[in-house]
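Colleague: Could you take me through the reasoning behind the terms used for this model? I should like each term set against its criterion.

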Amino acid sequence: MDLTIVEYPDKRLREESKEVVTFDHKLHQLLDAMYPLMNNTNGIGLAAIQVAHPIRALILNIPDEEGNQPDENLLEIINPVVIETRGETTYQEGCLSVPQFYEDIKRHEFIKINYQDRFGNTKILEAEDLLAIAIQHEMDHLEGILFIDKLSYTRRKKFEKEYKKLQKERKAKK
Ligand code: Y12
Ligand code: CO
């Protein structure tokens with residue numbers, strides 16, 4: 001399966017992702033194709049909508065203390081629902097759909113979710129720190145929300161100007 005990352009300001013990123021009801025080979029094929037794309041771009045999280053599949057599925061691979069991302073750390077999260085949150089934390093986030101831009105974003109420090117795995121089995125996950133942040137970032141994608149939507153008015157204005165310039169430079173390089 002050939003996948004490419006949809007980049008801001010593409011309107012497809014603004015769609016609300018649909019619940020996954022069929023846990024079949026097609027879903028597994030999509031998840032399997034998302035991994036290499038995420039790994040090859042140094043990503044730690046990717047939602048299906050970022051590869052033009054607006055379904056409630058996301059993958060994560062949080063680096064360990066040495067900065068490695070072994071396959072054992074891979075997480076597939078389907079149809080997640082938040083059941084508990086606690087605390088507040090700020091982290092400099094980036095997104096594969098908004099290349100070359102990073103900004104401090106406030107999130108919950110702890111999150112407990114209910115979700116399904118690729119076979120439709122229900123699971124519960126308690127997460128803190130970077131994993132909790134990544135889950136919240138990716139779950140926002142399922143609602144068509146990007147981390148840049150959380151910037152102040154002035155910061156967003158500055159971002160739009162800088163991003164347009166970057167896009168022009170990237171186009172010229174191609
Ligand atoms: C903390 C903060 C954000 C998340 C969401 C997942 N975000 C990512 O995985 C971002 C990856 C990323 C990778 C980049 O590197 C390449 O594309 C090679 C990158 O750099 C450029 O765009 C040049 C930007 C973002 C989880 C946890
Ligand atoms: Co993102």
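The conversation below concerns a predicted model and the reasons for the terms applied to it.

Colleague: What makes Cys95, His137 and His141 donors of the cobalt ion (ligand 2)?

Modeller: A donor is an N, O or S atom within 2.8 Å of this metal. The SG atom of Cys95 and the NE2 atoms of His137 and His141 lie 2.0 to 2.2 Å from the cobalt ion, and therefore they count as donors. Along the sequence the donor residues follow the spacing C-x41-H-x3-H. Cys95 in strand β4 (residues 89-95) and His137 in helix α2 (residues 129-142) are 42 residues apart, and this pair links distant parts of the chain.

Colleague: Why is His141 called buried?

Modeller: Buried means under 20% relative accessible area. His141 has a value of 1%, so the residue is buried. His141 is found in helix α2. Apart from neighbours within four places in sequence, the contacts of His141 are Glu15, Ser17, Ala47, Ile49, Gln50, Cys95 and Leu146. Two of the other donor residues named above, Cys95 and His137, are buried too.

Colleague: Why does Leu75 count as buried?

Modeller: The relative accessibility of Leu75 is 19%, and the limit is under 20%, so Leu75 counts as buried. Leu75 is found in strand β3 (residues 74-86). Beyond four places in sequence, Leu75 is in contact with residues including Tyr35, Leu58, Tyr115 and Leu131. Its C-alpha atom is separated by 8.8 Å from that of Ile62, which is 13 residues apart from Leu75 along the chain.

Colleague: Why is Asn114 called partly exposed?

Modeller: Buried residues are under 20% and exposed ones over 50%, with partly exposed in between. Asn114 stands at 27%, so it counts as partly exposed. Asn114 is found in strand β6 (residues 110-116). Leaving aside neighbours within four places, its contacts include Asn79, Pro80, Thr122 and Lys123.

Colleague: How do you know that β4 and β5 are paired strands?

Modeller: Two strands pair if at least two bridges are found between them. Six bridges join β4 to strand β5 (residues 98-107), and therefore the two strands pair. They run antiparallel. As one example of their alignment, Gln92 stands opposite Asp104 in β5. With two residues between them, β4 and β5 form a hairpin.

Colleague: What lines the largest pocket?

Modeller: The lining has 25 residues, and those nearest the centre of the pocket are Gly43, Gly94, Cys95, Leu96 and Tyr102. Elements that give two or more residues to this lining are β4, β5 and α2. Helix α2 gives the most, with six residues. The space in this pocket is about 550 Å³.

Colleague: How do the residues of that lining divide into nonpolar, polar and charged?

Modeller: There are eleven nonpolar, ten polar and four charged residues in the lining of the largest pocket. Cys counts as nonpolar and Gly as polar. Therefore Cys95 in the lining belongs with the nonpolar residues, and Gly43 and Gly94 belong with the polar ones.

Colleague: Which residues line the second largest pocket?

Modeller: Among them are Met1, Val20, Asp24, Lys26, Leu30 and His53. The whole lining divides into six nonpolar, two polar and two charged residues. Asp and Lys count as charged, so Asp24 and Lys26 belong to the charged group. About 190 Å³ of space lies in this pocket.

Definitions and conventions. Residues numbered from 1 in each chain as written. Chains lettered and ligands numbered in written order. Predicted model: local features only at pLDDT ≥ 70, side-chain atom pairs only at ≥ 80, totals over all residues. Heavy atoms only, no water. Donors = N, O, S within 2.8 Å, 3.2 Å for Na, K, Ca; no water. Helix = DSSP H or I, 4+ residues; strand = E, 2+ residues; numbered from the N terminus. Buried < 20%, exposed > 50% of the residue type's maximum accessible area, 1.4 Å probe, protein only. Contact = heavy atoms within 4.5 Å. 1 Å grid on protein atoms, 1.4 Å probe; cavity = no way out; pocket = protein on both sides within 12 Å on 5 of 7 lines; lining within 4 Å. Points joined across faces, edges and corners; volume = space filled by probe spheres on them.
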